[in-house]
Amino acid sequence: MLKVDNLEFSFKDFQVLSGICFEARRGSIVSILGNNGAGKSTLLKCIARLLKPKSGAILIDGKDANSFSLRQLSKNVAYVPQRYTANRVTVYETILLGRKPHFTGLVPSSEDLEKVEMALDLFELKHLAFRYLDEISGGELQKVVIARAFVQDPKVLLLDEPINNLDLKNQIEVLKILKMLSKQKGILVVVILHDLNLAIRFSDWFVFVKDGRIFASGSKEVITAEVISRVYGIDVKVEKHGNEIFVVPEVSAI
Ligand SMILES: Nc1ncnc2c1ncn2[C@@H]1O[C@H](COP(=O)(O)OP(=O)(O)OP(=O)(O)O)[C@@H](O)[C@H]1O
């Protein structure tokens, strides 16, 4: 569904991404992993067409993303940024805005309103529906922004560190919703995560970015102590408990 082909990006003469190639399938969760400053957000922004690559192509269902109108692009790709500034708009209105690419008239259709109701339920935001964004917590705001992307009904959902501000329960809830969207609706979820163990639990495919290049990619077998140590520059152990693997940093005695 998504093909990133030899993508290069630079901020003026500072080259951030080089030779990025990967493909991702419908119905899967792909985690983009790597150290701070590696180029993960820049990659996501290039896919969302918020940044213009120097060269290379992004294909969605075989079509060049550049050929899409903005409305077509928003029907295909939803993007949840790392940071979002709260403003004087209600939770309900914010989520409803996610339906804008699907509006057929001047007012939202009953389907648009139903989708918003569904999102309020799914993300447990009903009690906050008529609060302003600057009157809710950081974690609640994060869920609202994800809910807005959810109602957009995209084929590809891009999320930049979506669980950063969330407590453990909400981290798991949001990841479970992403899993449900990928498996039941066939959405491709591409997500930047810093928690390797949660990424391992919830993802089907892993793309490690280091110094603006893909260092390794693959399914669970790519998660090795060597790959992680080289990407993050810290010694780790990869331990197996039952069917699950866990990454444990080697913390030397202080
Ligand atoms: N607007 C900008 N202008 C110039 N350089 C930038 C800009 N935005 C990011 N950079 C630089 O590009 C590089 C990649 O940044 P990016 O935000 O993509 O990294 P990241 O892997 O997402 O990091 P993090 O995990 O810390 O969010 C970094 O060196 C960063 O300082």
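Which element gives the most residues to the shell around the ligand? In this predicted model, the answer is helix α1, with 3 residues. The whole shell consists of F11, F14, V16, G34, N36, G37, A38, G39, K40, S41 and T42. Two elements give two or more residues to this shell, namely β2 (14–24) and α1 (40–47). Sorted by class, the residues around the ligand are 4 nonpolar, 6 polar and 1 charged.

The next topic is the extent of the annotated domain. An unreviewed UniProt entry lists residues 2–236 under "domain: ABC transporter". Helix makes up 35% of that span and strand 26%. The C-alpha atoms at the two ends of residues 2–236 are 32 Å apart.

Some of the strands form a sheet. In general, the strands of a sheet pair through backbone hydrogen bonds, and the pairing is either parallel or antiparallel. Here 6 strands make an open sheet with mixed pairing, in the order β6-β7-β8-β3-β9-β10. At its edges are β6 (77–80) and β10 (213–218), each of which pairs on one side only. From one strand to the next, the twist averages 15 degrees.

Two of the pairings can be followed residue by residue. Strand β3 (residues 29–33) runs parallel to strand β9 (residues 205–210), and 4 bridges join the pair. Within this pairing, L33 has F208 of β9 as its bridge partner. At the edge strand, β6 and β7 also run parallel and are joined by 4 bridges. There, A78 stands opposite L157 in β7.

Which residues of β6 point one way, and which the other? V77 and Y79 point one way, while A78 and V80 point the other way, and all of them are buried. A helix also packs on the sheet: α5 (residues 138–151) touches β6 and β7 (156–160). The direction of α5 makes about 180 degrees with that of β6.

The backbone angle phi singles out two residues in loops. Most residues other than glycine have a negative phi. E124, which is not a glycine, has a positive phi near 50 degrees. E124 is in the loop between α4 (110–122) and α5. E161 is likewise not a glycine, and its phi is positive, at about 50 degrees. The loop that holds E161 lies between β7 and α6 (168–185).

Are these two residues buried or exposed? E124 has 13 other C-beta atoms within 10 Å, so E124 is partly exposed. E161 counts as buried because it has 20 C-beta neighbours inside 10 Å. The cut-off matters for this step, because a residue is buried if 20 or more other C-beta atoms lie within 10 Å of its own.

A last residue to look at is A57, which lies in strand β4 (residues 55–60). A57 counts as partly exposed because it has 13 C-beta neighbours inside 10 Å. Which residues is A57 in contact with, leaving aside its neighbours within four places in sequence? They are D5 and D64. E8 is 49 residues from A57 along the chain, and the C-alpha atoms of E8 and A57 are separated by 9.2 Å.

Definitions and conventions: Residues are numbered from 1 along each chain as its sequence is written. This is a predicted model: local features need pLDDT of at least 70, side-chain atom pairs count only at pLDDT 80 or more; totals for chains, interfaces and linings use all residues. A residue is near a molecule or strand if its C-beta atom, placed from the backbone, lies within 6 Å of it. Ala, Val, Leu, Ile, Met, Phe, Trp, Tyr, Cys and Pro count as nonpolar, Asp, Glu, Lys and Arg as charged, and the others, Gly among them, as polar. Two strands pair if DSSP finds at least two bridges between them. Axes are lines fitted to C-alpha atoms, for helices over the stretch in contact, and angles run from 0 to 180 degrees between N-to-C directions. Two residues are in contact if their C-beta atoms, placed from the backbone, lie within 7 Å. UniProt positions are given in the numbering used here, feature names are shortened, and annotations may be inferred rather than shown by experiment. A residue is buried if 20 or more other C-beta atoms lie within 10 Å of its own, exposed if 12 or fewer, and partly exposed in between; C-beta atoms are placed from the backbone.
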